[in-house]
Structures are given as structure tokens and as C-alpha cells.
Amino acid sequence: MPATLSPRPVLRRCAGAGAVALALIGAGLPAAASDSPSRPDLSRFYRQKVGWTACGDDMPKDLECGKVTVPLDYDKPAAGTLDLALARYVTTGKSQGSVLLNFGGPGVPAVDQLADDGKDFMGLTNSYDVVGFDPRGVGRSSPVSCGDATGTGSGTAERHADLTDPRATLSWLRTVAQRCAAHSGPVLPHIGTVNTARDMDVIRQALGDKKLNYLGFSYGTKLGAVYAAQFPDKVGRIALDGVDTLTDSLAEQGVTTAEGQQTALDDFLDWCVADIACPFGQDRRLAGSGVVRLVRSLDENPVPADYGGQFTGQDLVSAIGQALYSEDLWPSLERAVASLVDDGDTRGVENFAYGGMTVPRGRGGGLVDAADVPADNTMAALLAINCADDPDRPSAGRITKDLARLRAEYEHASPVFGRHRLTEVLMCFGRPKGTDFIRHEVKNVDTAKMLLVGTRGDPATPYRWTEQTARRLGPSAVVLDNRGEGHTGYSSSKCVHRKIDDFLLYGSLPPSGSSCGPDTRT
């Protein structure tokens, strides 16, 4: 998911590896994305300017909010429009324009994220307005939904799908796809990274910038790369932290992420068993199997959840996965699981499982009121965007044939996270095919130099994706090797933070392949 800009959990898209092969075959452009080189007249969208106002009483007083209007369908700009929510911190020095942020997900609303984590970017306000936006379908910008009023995930298949029964799995997946379509409105067929990148160019112009200066985290790195491929002559200074893959299918990504999360869990357990309060005991050989038993027990016998409904083993998997993005969260995870095991208290683990999905609070900005933002928007948007970006749609027959093998492959990658990740991959069944533009066209970009940061111990976006994407983008890509831990480096590494700021503020790039050492934990 997005960058961990503060020591609290955040959602990461389903990701993963190798020859897993749902043999997810197929390609072609969906209705979701318009990749045609011939463009209709968009001049009225490119003529607008942002009108900024105070965001609201419970937002930071120095944060301003605004909006831009974009076409629902770039091929048919007269067919309808969308308003996109913006927020900014105004520069305190001599202005170089704006730097646009995306926090990842996909599905993270930047308006609230910028309000919460703005302090991390105050150094950039020496020369820039720091601007965040809620992408189409996210937060206040025509939010999508799957009809889950609790926001706890009960509207998705993961809590209900029996992956041992292909027929029941497929039936539920069809139901979820239909529910998401029914609750999301006209934006759903036009969601996805290709159109969001086009929205960013409208935003660039509305901000008055000749070139796009951009800082993207996790999924936001893919968004930045797609923008560079679509608008190479508009690329200013682009920094990408926690680099996503451009070529791996969702099925491949799912295995990679399961493996990365399992490695992070093993590191957590190594730390946990040294503490007498560890809920999995002090025997490291037994701690791993203890996690598996706890997950299975909760799947078979869910417990009442503080937020309503039931708390399952897969909810616990989600909670653990969120907490593993940063070592700073390990003590809180230990206490939360101990409260669950010892007292049946789900509040701590629920805060990880659901609290990490930053639901927009409707604190101003004027596009969508709090009551109109679905509680499940973050998860619904993640699924919608991932599926819109992936052209592979295995048939029902292929899923039925391969499901047992896939379950075994994912569970081998991680006995804890395997089912969780496989279910996310299967969630695209019943939806239209996504675009093949990203997989086939985002390569060899002829742009100004871009800074790509990969973290060696990243559980969500492995370092090899940084190398892979750099090769894909070509000579424009400059790689910074962060030899630390956690998802992304900007908030966890002083060296990475400085290198990114130096590039964005002054155009100073490190030599490609240079590194930042790990920060010492205190």
C-alpha cells in the first residue's frame, strides 16, 4: 500500500511473483482506460485554475483545499465530468511551483493523508506548494464501494470465499463483482492508473506548472511511471519510493507479496520471542506454527468484533500484514495480539486490520460529505484499480482446474498470508478485462532523469522490482539502494529523505546504484 509516513499501518495492494500462473491470459484495452493517441478536444479542462480555500476547522490551519474537474471518459469528454479533491501546503520560500504526492494503495485518499502526515513534507515547502489529490474513485472524488457499510471487509470475498470449493468461490466472486458495480456508479468503468495519470496532467496545468514535479510511494510509483510514458515532455522532477512492478501480473505479484510478508513475519517473531510478553511464547520453533493455529482457529470460530460483526482469521492476517510495514509497529502488534489471545479483546488488532485503511473523514474540501463516503471505499478502490490495471482474466473453467494448485503454491509462499493474497487475486473474476497499456507500453521513456528508491527489506515492494522497473524505464531511471527495512524509505531513513528532498528541491541526483545505509534503531 502506501508509504508508512507515520508509525501506523497502511494498506498495500495485492502484490506477488513468478511462474505462479493463473496463466492469467488475455489482453486488450478495457472501457476503463483510453490509450488512443488521437485525443478529443480537452481544452476546457486544461484552461481551469484551482480556487483554494480553508479546508475546515478540524484540518491543519495551514492546509488549503480545492478541486479540479476532469472528464469521466477521456474519449468522450462531453459525456460527463468528475471533480477531484485537492489539498496543499503553500510554499514558505521562493516558489518553484508545486510537487504532487500520491501515497499509494491504490485507494489511499491523499487529502486526509496529507492532513495527518504533512509534517513529513515541510522541508519541501521551502520551494514548493505540496499538493495531494484524491484520485478518481477514491475518498472525496466519486468514491467507489462494494456496499459494505461497516468498512471491515465483509463486502469482499475474503471473509466468505471457501477456496477449497471452486464452485462456491466462483459464485461468491460473481456476487461481489455485481455488488461493486451496483454501488460504485458511473466512475467504475473509468477507474484505473491510465486515466488517473491523465488526471494528473490536468492537475499539473491547473496548478500552473509547465512540468510535473512528483513524489509517489508504493503504488504511486507505478502511477508516476505511467504518467512519464504518457507525457514524457511534461516530466519535471519525479521521485518514486517503494517501486512497484510494471510487468508482473496480479497472480505473480500475489506470491511475491506473500513471500515478503512471511519474511517480515519471521523477523517479527525473532524479535517477539525474546520478550516474555510475546503471545506466541519464547520458543521460536513453535512461534510460527502458533500464528498459523491462531489464524485457523479464528477462521473456524470467529469472535465478536468490537466494530460489529465477527473477527476472523483472515482479519487477523490483514492486521498482522499492516503492522509489518514498519518495525516501529512491532510492540503495538505484540500487545494487540496478546490482548486478543489472553482476553478476547479484538480492539487492538481491529485497529490494525481496519484502521490502516484511511477512510476519508469528510473534514472539508467540499466534494463529498462524510456521510457520502462509503466506509469500504479504500478496499473497494484498491480492488477496482488493481483489476482495471491487469488484463488477465482466467475463465471459470481455468480457475476450477487450477485452484487447488494455486492454493498449494500460495500457501507454500506463506502459510499465513497465502490464502489472503490468493483471494485478492481472484477478486478480479467477474470484472471487465483491464488495460494492457502498463504492461506493454510503459518502457524506454524519453524523459528527464527520475529517482527510483528501493528498500532491501521492503515486505510489499521487493528491491528486485526497483531494478526491474529501472531497466524497463531505461536510461532515465536513477536507482538509490536503501539498505534498510520497512515499506518505502522516505519516512524511515534520514538518508533517503535527504536524497529525495535534494533531488526535488535542487535537482541533485545521487549516482545511480549508490546506497543509503540502515538507520540505527533507538
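The secondary structure of this protein chain comes to 16 helices and twelve strands, and I should say at once that what we are looking at is a predicted model. Of the 522 residues in the chain, 61% are buried, and if we take the contacts between residues at least 6 apart in sequence, 79% of them join residues at least 24 apart.

Let me begin with the strands, and with one arginine in particular. Arg88 sits in strand E3, which runs over residues 81-89, and with a relative accessible area of 16% Arg88 counts as buried, because the cut-off for that class is under 20%. What does the side chain of Arg88 make polar contacts with? One partner is the side chain of Glu64, at 2.8 Å, and another is the side chain of Asp129, at 3.1 Å. Once neighbours within four places in sequence are set aside, the residues in contact with Arg88 include Trp52, Asp62, Leu63, Leu114, Val130 and Val131, along with Glu64 and Asp129 themselves.

A second buried charged residue is found in a loop. Asp390 lies between helix H11, residues 377-388, and helix H12, residues 396-413, and its relative accessible area is 4%, so Asp390 is buried. The side chain of Asp390 makes a polar contact of 3.1 Å with the side chain of Arg439, and Arg439 also appears in the list of residues that Asp390 touches beyond its sequence neighbours, together with Ser249, Leu250, Lys433, Gly434 and Thr435.

Turning now to the helices, consider how H7, residues 284-300, meets H8, residues 313-323: their axes come within 6 Å and cross at roughly 135°, which means that H7 is oblique to H8. On the H7 side the contact is made by Val291, Leu294, Val295, Leu298 and Asp299, and on the H8 side by Gly313, Gln314, Leu316, Val317 and Ile320. Sorted by class, that contact has seven nonpolar residues, two polar ones and one charged one. As background to the spacing of such residues, an α-helix has 3.6 residues a turn, so residues three or four places apart point the same way.

Just before H7 there is a loop, running between helix H6, residues 250-272, and H7, and Ala277 lies in it. Ala277 is partly exposed, with a relative accessible area of 43%, and not counting residues up to four places away, Ala277 touches Gln282, Glu334 and Ala338. The C-alpha atoms of Ala277 and Glu334 are 7.9 Å apart, although 57 residues separate the two along the chain. A comparable pair is Asp342 and Pro279, which are 63 residues apart in sequence and 8.2 Å apart in space, C-alpha to C-alpha; Asp342 belongs to helix H9, residues 330-343, and is exposed, at 59% relative accessible area.

My last stop is helix H16, residues 494-506, whose 13 residues reach 17 Å from the first C-alpha to the last, close to the 18 Å expected at 1.5 Å a residue. Which residues of H16 are buried? They are Cys495, Val496, Ile500, Asp501, Phe503, Leu504 and Leu505, and what covers them includes strands E4, E6, E7, E10, E11 and E12. Just after H16 comes Gly507, which takes a positive phi of about 75°.

Key:
Residues are numbered from 1 along each chain as its sequence is written. This is a predicted model: local features need pLDDT of at least 70, side-chain atom pairs count only at pLDDT 80 or more; totals for chains, interfaces and linings use all residues. Side-chain values use heavy atoms; hydrogens and water are left out. Helices (H or I, at least four residues) and strands (E, at least two) are DSSP runs, numbered from the N terminus. Buried means under 20% relative accessible area, exposed over 50%, partly exposed in between (1.4 Å probe, protein chains only). A polar contact is a pair of N or O atoms within 3.5 Å; within protein, one must be able to donate a hydrogen and the other to accept it, and residues adjacent in sequence count only if both atoms are side-chain atoms. Contact means heavy atoms within 4.5 Å. Axes are lines fitted to C-alpha atoms, for helices over the stretch in contact, and angles run from 0 to 180 degrees between N-to-C directions. Angles under 35 degrees count as roughly parallel, over 145 as roughly antiparallel, 65 to 115 as roughly perpendicular and the rest as oblique. Ala, Val, Leu, Ile, Met, Phe, Trp, Tyr, Cys and Pro count as nonpolar, Asp, Glu, Lys and Arg as charged, and the others, Gly among them, as polar. The expected span of a helix is 1.5 Å times one less than its number of residues.
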